[in-house]
Amino acid sequence: MQNLLSKEEMEAVIDGDYSNVFAVLGIHKNKGSKEVFIRAYQPHSKAIEVLDRDGNSRGMMSKLDERGFYQIDLGQTDNFDYKFRITNDQDYTYIEEDPYRFLPTLGDMDVYLLAEGNHLEMYKKLGAHIREMEGVKGVSFAVWAPNAKRVSVVGNFNNWDGRVNVMRKHPSCGVWDIFIPGIGEGELYKYEIKTQSNDILLKSDPVGFYAEKRPHTASVVYDLNHYLWNDAEWMNYRSEHNSFDKPMSIYEVHLGSWRRKENNEYLTYRELADYLIPYVCNMGFTHVEFLPVAEHPLDSSWGYQVVGMFAPTSRFGTPDDFRYLIDKFHQAGIGVIMDWVPAHFPKDAHGLNEFDGTHLYEHADPRKGEHTDWGTKIYNYGRAEVSNFLCASALYWLKEYHIDGLRVDAVASMLYLDYSRKNGEWIPNQYGGNENIEAIAFLRRMNELAYSQVDGAITIAEESTAWPMVSRPTSMGGLGFGYKWNMGWMNDTLRYISHEPIHRKYHHGMLTFGLLYAFNENFVLPISHDEVVHGKGSMLSKMPGDEWQKFANLRAYYGFMYTHPGKKLLFMGCEFGQDYEWNSDEGLRWFLLDYPMYKGMQNCVRDLNLMYKGNAPLYQQDFDYRGFEWIDHSNADDSVISYIRKGYNPGDYLIVVCNFTPVVRKGYRIGVPEDCQYQEIFNSDDVNYWGSGVKNEGFMQAENTECNYKPYSITLTLPPLATIVIKPLH
């Protein structure tokens, strides 16, 4: 029979070793005789009958091999739509479409762009997508695995048998695809990959939109086209307003431990919408920032070891539940920033590590491809497909989830080839330097895409070194981020405030040094989760003195932070002075708010947010030296500093005075720029904050007495361990 395979070819199909199974299975026309024949491989079956679209029988298939290989010759006829009536080895008969009769799901342009590594919406092609082909509903699958011998989709629908749904390979781009009819949303699946060395790997989908709840690791078919957004007003506002001269006070949240249920179970995304959003609004924050929500296997990694760069974690609900949470934040006027982790990925067997049996996503050489400190792999940023994968992930969250900003984790580890490495543990770049040229190119491209393709979106770098121009445009030679975390300010000022007040005069420079470089970057001042874990203690526990002084120190410090140039970020729990350091395995210690000192701290932070948002001088010129002016930075002996924050409009300014000793200073004179009345609008020593209540009551009239190189001056009473803010009255 002309259309029969050789025994060797049939054996290869049955073993899952045939290089192009679509050329064998399905419907084909013999070029010489023009006869049509159909082949099928159905393990665990007794018989297969071919039906046409109307259900008419076109004959029983011949069983060429007892393991389930069939063929039928139909003579000279046209190709036609058909189905199989299958009787399995349990004598159960059912009708099934043949996946091997359907055309590829990737078009020529998709293949070209994927091969080029320039398909910015690759998530619309790769992964699992519910669709209809030739009037048949099902799911298309596509995955990049160029070095695999064979790739199959496995799931409950085929008894996790990798011989059943072997995929079609597009050699030019290394992507495999298949359309599997008759399945839909909610199906569990993985890719079974046979390597060139005949090892079998079970991998979750790198572009999967949803995953099983840990500890299970299968991907889940999910339709992203259901959700109807209700945040058009926010999205329009965001696209029309520059964030640089707007207030940005960020509440950093770990969704798994902000609050827990009574049985210590997680709140869902929708429950978080009910509780977290009113809290953030009531506290006056402008933005919320989530620690990574992309799918990750280990709770204790806090999300920083990601296996699903396109899947919000199923710990808290479905992708649409996550969209609901973001949507509700936007409807409440709150921006949403998400931690995004392109710096490394874990070695979990179901993840990206040696995905197709080769170092596909990572460098092969551990000197470039592994973070030994973290036990994780480093992306090969120089590989076009990997860079595209990451850029597409960034755009995916911004577009499909309406995320307002991406905070990019561990940028320093990407920029330096010798990051946390000793001599001999790293490979210099082509010029002999330690800069990771490929990572730099990737970050620049990612930022260019984010800002050019998504109106109003922002990117923020967690970059802990003095790398220049992190938050400057790529056209100037910068990395292109919108903002950079000011780790230097955070480290210096926390060291300062942790000293006993009597010793602070010897460390005064730590308080003021940040102003020497405050306008080199677009800085965010971060009091993040990193400062309250791993034995560092809570913010409150860093403060010296007795209980009252600890709270007073912290309130004064927050006052300094909120009036200092730069956007603000505060980790959850820090706003009410949680006593213990953060524990991700339980909710925050909300019961502390029953005590006046913690409630007072919360009141203080709320009022700081409200003052900050209500006074343009505190945010309009955060990144311009013209927005800041020292009154007195040199009074180390008294540990007092004073400065002016300025808005765009002349005469629109605030005066800030910080007293970092527990001494009440009466008759303290500072210079002011105008002959007018002044009024205290914030005082961190207020009794409502559990302070001692030392105030500057009423109006203060400027005197025609020069001080601090200013033509006028006022005299104040400085409360102990406090920050006060004074406003001119015109």
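**Exercise 1.** Which residues does Ser393 touch, not counting residues up to four places away in sequence? Place Ser393 in the predicted model and describe its surroundings.

*Solution.*
Step 1. Locate the residue: Ser393 belongs to helix α7.
Step 2. List its contacts. Beyond the excluded sequence neighbours, up to four places away, Ser393 touches Met309, Phe310 and Trp340.
Step 3. Look for a polar partner. The Ser393 side chain reaches the backbone oxygen of Met309 at 2.9 Å.
Step 4. Classify the exposure. Ser393 has a relative accessible area of 0%, so Ser393 is buried, the cut-off for that class being under 20%.

**Exercise 2.** Determine how helices α4 and α5 pack.

*Solution.*
Step 1. Take the geometry: α4 (residues 269-283) and α5 (residues 319-331) have axes 9 Å apart and an angle of about 15°.
Step 2. Apply the cut-off. Angles under 35 degrees count as roughly parallel, and therefore α4 and α5 are roughly parallel to each other.
Step 3. Assign the handedness: α4 passes α5 in a right-handed crossing.
Step 4. Identify the interface. Residues of α4 including Leu272, Leu276 and Val280 meet residues of α5, among them Phe322, Leu325 and Phe329.

**Exercise 3.** Describe the nonpolar cores, starting from the largest.

*Solution.*
Step 1. Find the most connected members. In the largest core, of 194 residues, Phe141, Tyr251, Phe290, Trp340 and Tyr558 touch the most other members.
Step 2. Find the main contributor: helix α7 (residues 384-400) supplies the largest share of this core, 10 residues.
Step 3. Examine one member. Contacts of Phe290, leaving out residues up to four places away in sequence, include Leu276, Phe322, Leu325 and Phe329.
Step 4. Check for another core. A second, separate one has 18 residues, including Val640, Val657, Val672 and Ile724.

Conventions:
Residues numbered from 1 in each chain as written. Predicted model: local features only at pLDDT ≥ 70, side-chain atom pairs only at ≥ 80, totals over all residues. Heavy atoms only, no water. Core = buried A, V, L, I, M, F, W, Y, C linked by side-chain atoms within 4.5 Å. Buried < 20%, exposed > 50% of the residue type's maximum accessible area, 1.4 Å probe, protein only. Helix = DSSP H or I, 4+ residues; strand = E, 2+ residues; numbered from the N terminus. Contact = heavy atoms within 4.5 Å. Polar contact = N/O pair within 3.5 Å; in protein donor to acceptor, adjacent residues only side chain to side chain. Axes fitted to C-alpha atoms, helices over the stretch in contact; angles between N-to-C directions. Parallel < 35°, antiparallel > 145°, perpendicular 65-115°, else oblique. Left-handed = near helix turned anticlockwise from the far one by under 90°.
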